[in-house]
Amino acid sequence: RFTVVLSWDPGAGAVGQRALKGDDPSGAFIATDVPAREVTVRVSADGYAESVLEGLSVPADEQTGELDFALQPEAVVRGRVTSEDGTPIPGASVFASSADGGSSSATSIETGGYELRGLPAGALDLSFEAPGFIPASRQVDSTETVVDVVLKRSLSLHGEVVSGGKPVQFAMVEALSADPPFQRRAGTANGRFTLEGLVPGRYQVTASAPGFKLVKVDKVEAGQANPLLLALERQPTAVLSGRVIGLPMSDDTVFASVTAMGADEGSSSTAAIDASHAF
């Protein structure tokens with residue numbers, strides 16, 4: 001009893017897929033009406049690691065040669081996800097991947113326990129994520145069947161972006177840490193922002209918005225209780241006008257535009273050209 005899943009790219013950003021359930025005593029299967037293109041074949045069965053064949057070229061109106069899939073007994077990884085004080089973390093996402101394309105995922109239960117099945121033997125990359133905690137990763141061997149992980153609580157930073165004492169809507173706030181390298185972004189709502197998921201440390205915080213100068217604040221401590229106030233100044237602007245020479249003179253609408261790019265980051269403006277070729 002096994003499952004065969006064939007997947008391919010049909011174009012236009014979609015994904016084509018076909019699944020077959022097999023119960024032939026000899027393990028044989030036949031997939032018909034497979035599109036003539038590159039196909040990925042995944043074969044799985046309870047108690048065995050998934051076998052993946054990528055880049056199978058299917059010829060048009062021809063039958064491919066017989067494919068053999070040798071399934072290996074699965075490796076099972078179990079463990080618990082807890083916080084630093086030993087409290088179980090339910091709902092944590094656990095994902096495992098191997099170099100040959102095998103993967104498995106699970107969600108921790110109320111006790112923090114999780115179980116990953118269908119993994120191939122060998123080296124595995126594990127990742128752990130939970131809301132309000134800093135993601136963690138582990139590199140293990142499948143012989144290491146029990147992997148417990150302790151997640152550290154993440155920090156947040158909140159504040160307000162203003163200009164002339166008024167909140168700035170739709171500003172972008174970014175926190176960047178060099179040691180350890182870490183970055184978070186958030187937009188403002190009514191001028192207010194909250195940067196979630198920060199690791200402990202000091203950050204350079206920047207705020208930007210169209211029509212304003214970029215503002216930077218250094219050595220901002222993650223998790224500080226006091227709201228961070230970021231004051232933006234209006235960017236001096238100019239008006240450029242003119243005409244475009246060389247376009248055909250007709251009654252038809254001319255779909256053209258002129259863009260001016262400034263030396264400063266984010267300094268640009270675009271205008272449409274009207275029927276008289278002016279902007």
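This report walks through the strands, sheets and aromatic pairs of one protein model.

## Where the numbers come from

What you're looking at is a predicted model: local features need pLDDT of at least 70, side-chain atom pairs count only at pLDDT 80 or more, and totals for chains, interfaces and linings use all residues. Residues are numbered from 1 along each chain as its sequence is written, and side-chain values use heavy atoms, with hydrogens and water left out.

## Two four-stranded sheets

Let's start with the strands, which are DSSP runs of E with at least two residues, numbered from the N terminus. Two of them count as paired if DSSP finds at least two bridges between them. In general, strands of a sheet pair through backbone hydrogen bonds, either parallel or antiparallel.

One open sheet has four strands in the order β7-β6-β9-β10, with antiparallel pairing. At its edges sit β7 (103–107) and β10 (136–141), each pairing on one side only. The twist here averages 15° from one strand to the next; for such angles, axes are lines fitted to C-alpha atoms, and angles run from 0 to 180 degrees between N-to-C directions. Inside this sheet, β6 (residues 93–97) and β9 (residues 123–129) are joined by five bridges, and Ser93 stands opposite Glu129.

The other open sheet also has four strands, running β15-β14-β17-β18, again antiparallel. β15 (181–187) and β18 (215–221) each have a single partner strand, so one side of each has no neighbour in the sheet. Neighbouring strands in this sheet are turned by 20° against each other on average, direction ignored. Five bridges tie β17 (residues 202–208) to β18, and Arg202 has Glu221 as its bridge partner.

## A hairpin

Strands β3 (residues 38–44) and β4 (residues 51–57) run antiparallel and share five bridges. Val43 is partnered with Ser51 in β4. Six residues lie between the strands of this hairpin, where Gly47 takes a positive phi near 90°.

## Aromatic pairs

How many aromatic pairs does a search of the whole structure find? It finds three. Rings of Phe, Tyr and Trp (its six-membered ring) pair if their centres lie within 6.5 Å; planes under 30 degrees apart are stacked, over 60 edge-to-face, and the rest tilted. Phe29 and Phe69 make a tilted pair, 6.4 Å centre to centre with 40° between the planes. Phe29 lies in the loop between β2 (14–22) and β3, and Phe69 in the loop between β4 and β5 (75–83), so the pair ties together parts 40 residues apart in sequence. Together with Phe2, Phe29 and Phe69 form one aromatic cluster.
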